[in-house]
Amino acid sequence: MPAHAPDPHAPGMPDHGTLDPLERERAHLAASRTALRAMRHDVESLDIRNVTANWVNAEVLQRQIDARIEALADLADTPLFFGRLDYTDFPSPPGSSAAPDAPAAPEDGAPEAARYYIGRRHVHDADGDPMVVDWRAPVSQPFYRASKKDPQGVGLRRRFGYTGGELTAYEDERLSDPDEAEKASALLKREIERPRVGPMRDIVATIQPEQDEIVRTGVDGTVCVQGAPGTGKTAVGLHRVAYLLYAHRERLARTGTLVIGPNRSFLRYIEQVLPALGELAVRQATVEDLVTEATGVEVRGTDDPEAARIKGDARMAEVLRRAVRSGVTMPAEPCVVVRGSRRWRVPAYELEEIVRELLERGIRYGAAREALPQRVAHAVLTRMERSGEAPDDRVQDAVARNAAVKALVKAVWPEVDPVRLVLRLLSDDGFLAECSEGILTEEERKAILWTKPPRGVRSAKWSAADAVLIDEAADLVRRTPSLGHVVLDEAQDLSPMQYRAVGRRCTTGSATVLGDLAQGTTPWATASWAEALSHLGKPDAAVEELTRGFRVPREVIAYASRLLPHIAPGLSEATSIRDAAGSLRVRAVAVEELDGAVVDACREALEREGSIGLIAADARVPALAAALDAAGIPHLDPGTETDADARLTLVPATLAKGLEYDHVVLDEPAAVVDGEPDERTGLRRLYVSLTRAVSGLTVVHAAPLPEPLRDGSDGSNGSNA
Ligand SMILES: Nc1ncnc2c1ncn2[C@@H]1O[C@H](COP(=O)(O)OP(=O)(O)OP(=O)(O)O)[C@@H](O)[C@H]1O
């Protein structure tokens, strides 16, 4: 599989027939660029004046056109195509609707029409023939999945290498040639091992077969991916949304898509991936964003861990269900409706039957409240008919709006305000006891009751868990609208009640659930995916596992994996595709030298290329910031993304999840462990911190290392330097 080097003095766009293969590919790139410009020009010159009846239509259409123009931009630093497939099983490449007429084969491969260039977007020429096909099209799939064992109709797979936007190399695999040995692709390896700086990038050129299977799972299927650090879960989730938007654009444009991440800095880190894939309309939010937006409350308070654990427990769903319905009473009086000279009387026992039936039907509280007056009116109408009248629908509506019926509804099925309801539940011991009878213990009740109840909903210091309770109550009253697809990243940290909050946002849609049980650091962290999926309302979802690590070098992942038996026994250790010898340094220093040694390690890291994350226990962050300032080393504030000018950022251990840096300096592991309420959570936090490095990790410690990391604890030695 030769990788072809470029001729640095290659001429611009010479005659097609006489060119060497690389020149021909460059010519195709140039022609594709021209075609893309023409596509953009066509859209820009659309005149919509004659096709729109009014200014609202014109406005909508113009917005669509602007978005299309934006999507057709030719970005200089993102290659228009990165691969090529020449099909031999002609003319039916899998899933392709194209049935090309086979022209004569040119000298290097398949007939032009059986050849597909794979890129980020579709480009066609003036005749509408494809010059580049979208990576998500069915015809592109073998680029990711075909192998010698299963060539999927492909004779030749070509990968392109670029340097600064210039096409400089290509590499071929002849999948149907039995004599060509299967070799690892050097271009693929180079791309995967390219150091990562700044925010997360897309991986369209190098999606791996096991990842591609998850990316292209059908829109109706929910998938759950368990994966060790750096196995590409986040990347896979984002590419899956892009894939689904391509394959089901209309349906998802109507229903909407959403990516959920754990916090702002994580969302900032991933926010450019989907736009780079041409998808600008995907919302990215935290669970807290969703529930505060839906309920209108602001989170200003915190819970102690025990209160938060109980509030996040799935049993609270039943407590809330009872609370919402607690105001429903059985009618004691008949309902008497006066119309003209006649009085119609529905006796109490019949009203009770109606109320019971509505309670049992399992419809939303609010929907039942709206149905109740109609039911009572129906009972009145039945009486009218029996006495010879012929009332129509308008009469039924009028009766439903009658003052006596309204008064009845108000009395037996009172309106519920979810915010006030939860306020009462957390302030009123008697009410909480009534609603949680047989569900919560007295201690549990005490743990969640406010010691000083707020005066009203405005002065209440709602916690994040309270907002989820209110969201659940709101859904019991009125159904939360469902989106078409939700990606839930770092799912392992969600409480059962948070899973339910996410689940009700995709009841009629599907979800991609991504996480790692070993990285769960909340008191309620997920212990089993089966349980989590049942809280989400998708108990039948398939659970896939990814174990091939793309981020962390072998030496570093082996070191971090020593913690696995203590934090998640039974989970597979990640392998690493990246072999950076000398990537791990462990330095023991005296207590008084600690800050200085950390500063030195940062200085050394700054001598190399790429981003640097100084990860430390949250409590150590101010001291380290001061030490860096004193040493005159500029650094970014916690949670800020690095860029080419500001490459060093200070990362509190609690914010490190999901992020990555070229070099990581890890301050005092024992302090990271001690920063958590229990040892297992502490070691999990440490595992997260140890697995953020792409090229190198330097651990600096004064206190003894946690036991599993000590030299010889597994017979090996973290190369002390
Ligand atoms: N097929 C691939 N080709 C190139 N890079 C890849 C591939 N898969 C993953 N990566 C890269 O590996 C790194 C880790 O990926 P990602 O953040 O998605 O992993 P993760 O499983 O979500 O990790 P964590 O559990 O730590 O959050 C990223 O830089 C990502 O771009």
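**Exercise 1. Locate Asp313 in this predicted model and decide whether Asp313 is buried, partly exposed or exposed.**

Solution. Start with the chain: Asp313 sits in the loop that links helix H11 (305-311) to helix H12 (315-325). Next, look at the surroundings, where Asp313 has 19 C-beta neighbours inside 10 Å. A residue is called buried at 20 or more such neighbours and exposed at 12 or fewer. Asp313 therefore counts as partly exposed. To finish, try a distance: the C-alpha atoms of Asp313 and Leu449 are 15 Å apart, while 136 residues separate the two along the chain.

**Exercise 2. Describe the shell around the ligand: which residues come nearest, and what is the make-up of the shell?**

Solution. Begin with the residues that come nearest to the ligand: Thr206, Gly232, Lys233, Thr234 and Phe550, out of 21 around the ligand. Then sort the shell by character, which gives 6 nonpolar, 10 polar and 5 charged residues. Now ask where they come from. Helix H6 (residues 233-247) contributes the most, with 3 residues. At the level of domains, domain 2 (208-327 + 416-549) and domain 4 (554-709) each supply at least three residues.

**Exercise 3. Work out how helix H14 packs against helix H16.**

Solution. Two numbers are needed here, because packed helices are described by the angle between their axes and the distance between the axes. For H14 (residues 365-386) and H16 (residues 403-412), the angle is about 135° and the axes lie 10 Å apart. That angle makes H14 oblique to H16. Last comes the handedness: H14 passes H16 in a right-handed crossing.

Conventions: Residues numbered from 1 in each chain as written. Predicted model: local features only at pLDDT ≥ 70, side-chain atom pairs only at ≥ 80, totals over all residues. Helix = DSSP H or I, 4+ residues; strand = E, 2+ residues; numbered from the N terminus. Near = placed C-beta within 6 Å. Nonpolar A, V, L, I, M, F, W, Y, C, P; charged D, E, K, R; others polar. Domains from an automatic or database assignment. Axes fitted to C-alpha atoms, helices over the stretch in contact; angles between N-to-C directions. Parallel < 35°, antiparallel > 145°, perpendicular 65-115°, else oblique. Left-handed = near helix turned anticlockwise from the far one by under 90°.
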